Amino acid sequence: MLECDIVSRRSNDQGRAFEFITLITLHEEISKIREAVIIKNSSYESTKRAWESIDAPLQVDLKKAAMAAVGSIFDLEPMILEDGNDKLELLVQQDSQGEKGDVRDILIVRRNVKWEIGLSLKHNHFAVKHSRLSKTIDFGEKWFNIPCSQQYWDEVNPLFDYLKEEKDKGTKWRDLPDKENDVYVPLLNAFKEEVERSYESHSEVPRRMVEYLLGEYDFYKVVSVDAKKITQIFTFNLRGTLNQSTKTTEPTTEIPIAKLPTRIVSIDFKPNKKNTIEMFMDEGWQFSFRIHNASSKVEPSLKFDVQIVGMPTTIISINCMWM
């Protein structure tokens, strides 16, 4: 296995390990107050294996990171600890749910009162999505329900044909003569222009794009930043389903509903970067789209690393320190 593939797999295992220990920590702390059960599905087993594969010092740090976040989540969501004589369920979601528009990794569910919240867990990174572009992926249809134009396909198909030819030769990305100017720049230009075309005729594109990037459900993003010994919680309350009161208890912090964008203010290449597009919208939404090869060998598809550069002030960030 090549070095970049090993690094990617290690990062994936660490992320899954963080999911596992957060699930376990939630169960331990909730069980001190009320009945809770972990649903041990195949995703649970996968995260457990990842936890067992990492070294002991990292396990200690991830446990601290999870523990730091749990108390704040309880303060934000009193429904978790309310004893309604029902059973609270905790589960890790299947990865396939992400493809269906659900970015939540862990669900906390009370079926009797038809209530649930979700957590998206990240270890040392803040990425939103890892969507792909390829000859068979209509990103317009997938992202904002508007099929890509023929002009877009006419521009990108020769690029993917070129990559397919290089793949058949067994070429590695590093051996392409000029991957940035031959692939990245024209592909990102086609992407940028297609977004602009769709937006010109469909005013709902900004809102739908954010809904796609952040998923169909409200959630808390929980990010362990090991170097700073801090766990950050971000409240993505776009539909008002988070932060509900019980009959007797109010949340200690009120989370406002964040407004979705209505305008794309600008979309262009990041200065001095040939692999990254920046998009600025109203209501404080800003994203970067960095295109990259997901493996060392050439493939006729490319992956986006999407980062939130700016967010509305109504999305609250909570810093949970740990030592």
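**Nonpolar cores and two asparagines with positive phi**

Tutor: In this predicted model, the largest nonpolar core has 55 residues, and L133, F139, W143, M209, L214, F289 and F304 have the most contacts inside it. Helix α7 (residues 179-201) gives the most to this core, with eight residues. Local features need pLDDT of at least 70, side-chain atom pairs count only at pLDDT 80 or more, and totals for chains, interfaces and linings use all residues. Residues are numbered from 1 along each chain as its sequence is written, and side-chain values use heavy atoms, with hydrogens and water left out.

Student: What makes a set of residues a nonpolar core?

Tutor: The set must consist of buried (under 20% relative accessible area) Ala, Val, Leu, Ile, Met, Phe, Trp, Tyr and Cys residues joined through side-chain atoms within 4.5 Å. Another core, of 42 residues, lies apart from the largest one and includes L58, I106, L119 and W322.

Student: With which residues is F139 in contact, leaving aside its neighbours within four places in sequence?

Tutor: Contact means heavy atoms within 4.5 Å; on that basis the partners of F139 are L133, F144, C148, Y152, F191, E194 and V195.

Student: Why is N272 called exposed?

Tutor: Its relative accessible area is 82%, and exposed means over 50%; N272 is therefore exposed. N272 also has a positive phi of about 65° although it is not a glycine. Most residues other than glycine have a negative phi.

Student: Why is N145 called partly exposed?

Tutor: N145 has a relative accessible area of 48%, and partly exposed covers the range between 20% and 50%; N145 is therefore partly exposed. N145 likewise has a positive phi, of about 65°.

Notes. Buried means under 20% relative accessible area, exposed over 50%, partly exposed in between (1.4 Å probe, protein chains only). Helices (H or I, at least four residues) and strands (E, at least two) are DSSP runs, numbered from the N terminus.
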